[in-house]
Amino acid sequence: MVDAAPLLPGLMLLSAAASATIAAYLLVWLRQDRPAPGIRSFLLVATAAGVWCLGVALVLWEPTLAGMAAFSAISWLGMTALAVAWPAFVLEYTRSVDVFRPRILGALSVVPGATLVGLFVWPDLLVAGVHVDSVGSLSTLDGTPGPLLVVFVLYTYVVNTGALVLLAQHYREAGDQVRPQTGALLVAGALPFTASIASLLGVTPFQPVDLTPFVFAVTNVLVLLALFRYELFRLVPVARTTLVEELTDGVLVVAPGGGIIDANLAAETLLGIDGLAGSHIDDVPYDLGLDDVDATDRPTFTTDGGSRHVEVDVSTIRTPNEGASGSLVVLHDVTEQREREALLEETNERLEEFASVVSHDLRNPLAISQGYVELLQDRHDDPELEEIADANDRMQEIIDDTLSLARMETNSLDEEWVPLREAATDAWHVVDTGGARLAIEADGSVYADPGRLQTLFENCFRNSVEHGATSGRTTSDDPHEHGAPGDTTELSVSVGTLADGFYVADDGVGIPESIRDDIFETGVSADEDGTGFGLAIVERVASDHGWTVELGDASEGARFDVRGVDVREREN
């Protein structure tokens with residue numbers, strides 16, 4: 001039978017060289033400022049495996065017991081370091097944990113560190129009765145395992161079993177793009193674990209030489225292949241199925257060089273490209289804004305044929321203590337939003353046309369009618385002319401209120417801090433208040449559109465003075481007026497602040513119970529001559545600002561509370 005033992009030192013040395021080459025490549029990667037999740041821990045794996053293989057090769061080449069014992073320390077250094085490095089790599093890959101934090105790395109290093117210390121301080125606790133044993137034509141060290149070695153072996157088996165469980169769990173949960181790389185890692189981790197058990201049971205060739213370091217060199221090659229084929233370090237598969245595959249938005253993960261590492265089905269559908277993962281960003285026929293990730297304006301594009309409108313968000317992927325490692329591109333399908341905006345714009349244009357008709361085509365003939373009625377009233381004392389004049393005035397009020405609502409539909413808010421006292425005073429001067437009195441108990445400011453806020457006050461005041469308790473008031477133009485004709489009680493109107501808004505109150509006769517629930521509805525009025533617009537406009541102004549308006553508690557009269565308002569107290 002051919003003695004194959006002389007091949008062992010060269011095989012181990014070749015394995016050490018392979019691991020050293022991988023470690024050197026990873027160092028170059030890091031020096032080129034291309035950090036990525038897991039690269040540092042895998043660098044430690046490759047280095048430790050290389051040192052272990054080198055130590056075994058030197059022991060096999062050394063003929064003396066003293067020399068073997070010295071070289072075996074190199075093997076133990078690589079073995080204990082690997083017991084820390086491999087679980088650290090798996091933890092960092094599966095959970096994106098910064099394993100180089102002292103509390104994590106320290107916990108992983110307790111047993112391996114104690115084992116390495118025991119090699120020099122209590123060698124008999126590690127291996128007792130050390131002697132030279134033959135391996136074919138070569139020699140190696142052998143002995144009786146001590147309690148410290150038993151603890152170390154049990155620790156490595158428990159930790160590596162946990163690592164395999166983590167990898168298996170992620171393989172089960174991973175999407176199609178991540179499963180190949182996770183499967184490669186699962187196989188890579190299982191190989192040395194199986195070799196170690198076989199060596200422990202004495203069923204491997206070249207006993208008592210442990211072939212696990214050689215198998216770990218094979219593992220390193222598998223991981224390196226996963227690095228090139230699946231860009232292992234560019235994607236950590238934490239809950240990918242939930243975070244990527246099930247998103248309705250398109251998602252691309254792009255490496256610094258422009259390679260598309262991952263893409264979900266939504267992205268492929270929006271871009272009209274199958275199999276995006278593995279291609280290059282230049283293959284995408286749209287500008288996704290990767291050249292200027294920090295730009296404030298988000299890029300948008302329209303797909304071929306204009307069927308879909310897409311808005312793009314680009315952010316930098318950063319990993320703990322390693323900086324930028326790629327870009328995350330999120331594609332939002334805003335087609336429905338654009339269609340709603342177009343419909344709203346079309347609606348606004350129609351409202352503008354309506355407002356133009358109301359403003360010009362109706363007001364002009366109405367003005368002519370009002371002018372002729374005034375001429376006829378000067379010439380004739382006919383009570384029926386008064387009826388016509390009242391009808392013209394009511395029509396004028398309806399036109400004004402309708403035009404006011406139409407303009408609210410088409411004009412956007414232009415908000416600023418507005419003093420409540422100033423807005424209320426200006427509105428009071430616009431309204432025909434008769435003998436009513438205004439009391440302003442508000443010194444603060446509110447964040448509002450000045451014109452809209454004044455409109456709100458005008459309609460509240462008009463509702464109070466015309467339908468509260470003033471004498472000599474005119475016919476109502478408010479849909480929700482309160483009070484009864486002929487009441488001559490002097491009216492007082494007040495404006496004050498609330499914790500989250502303001503109120504308008506009067507001491508008139510109050511709101512009729514029959515219309516309290518519908519007080520802000522258009523067309524609801526206790527007066528058959530009311531237009532039904534006044535308080536509807538108040539509610540609309542509040543709604544446009546994101547406020548609410550409701551009937552407040554009042555012992556007498558009516559009170560309207562406007563809430564949800566940004567209020568700022570006056571600075572002294």
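**Overall fold and nonpolar cores**

In this predicted model, the protein chain forms 15 helices and 15 strands. The chain has 572 residues, and 45% of them count as buried. Its exposed surface comes to about 28400 Å². Carbon and sulfur atoms supply 54% of that area. Among contacts in the chain with a separation of 6 or more, 64% join residues 24 or more positions apart.

The largest nonpolar core holds 47 residues. Trp76 and Phe89 have the most contacts inside this core. Two or more residues each come from α1 (7-31), α2 (39-61), α3 (65-95), β1 (127-135), α6 (147-173), α7 (179-201) and α8 (212-230). Helix α2 gives the largest share, 12 residues. Another core, of 39 residues, lies apart from this one. Phe461, Val493, Phe520 and Ile537 are among its members.

Trp76 shows how such contacts link distinct parts of the sequence. Leaving aside neighbours within four places in sequence, Trp76 is in contact with Thr115, Leu116, Leu119, Leu126, Val127, Leu149 and Phe152.

Strand β3 spans residues 250-254 and includes Leu252. Leu252 counts as buried because its relative accessibility is 0%, and the cut-off for buried is under 20%. Residues up to four places away in sequence are not counted in the contacts of Leu252. On that basis, Leu252 touches Ile260, Asp262, Ala263, Ala267, Leu271, Leu276, Leu288, Ser327, Leu328 and Val329. Ala266 lies 14 residues from Leu252 along the chain. The C-alpha atoms of Leu252 and Ala266 are separated by 9.8 Å.

Note on methods
Residues numbered from 1 in each chain as written. Predicted model: local features only at pLDDT ≥ 70, side-chain atom pairs only at ≥ 80, totals over all residues. Heavy atoms only, no water. Core = buried A, V, L, I, M, F, W, Y, C linked by side-chain atoms within 4.5 Å. Buried < 20%, exposed > 50% of the residue type's maximum accessible area, 1.4 Å probe, protein only. Helix = DSSP H or I, 4+ residues; strand = E, 2+ residues; numbered from the N terminus. Contact = heavy atoms within 4.5 Å. Areas by Shrake-Rupley, 256 points an atom, 1.4 Å probe, with all protein chains shown as cover.
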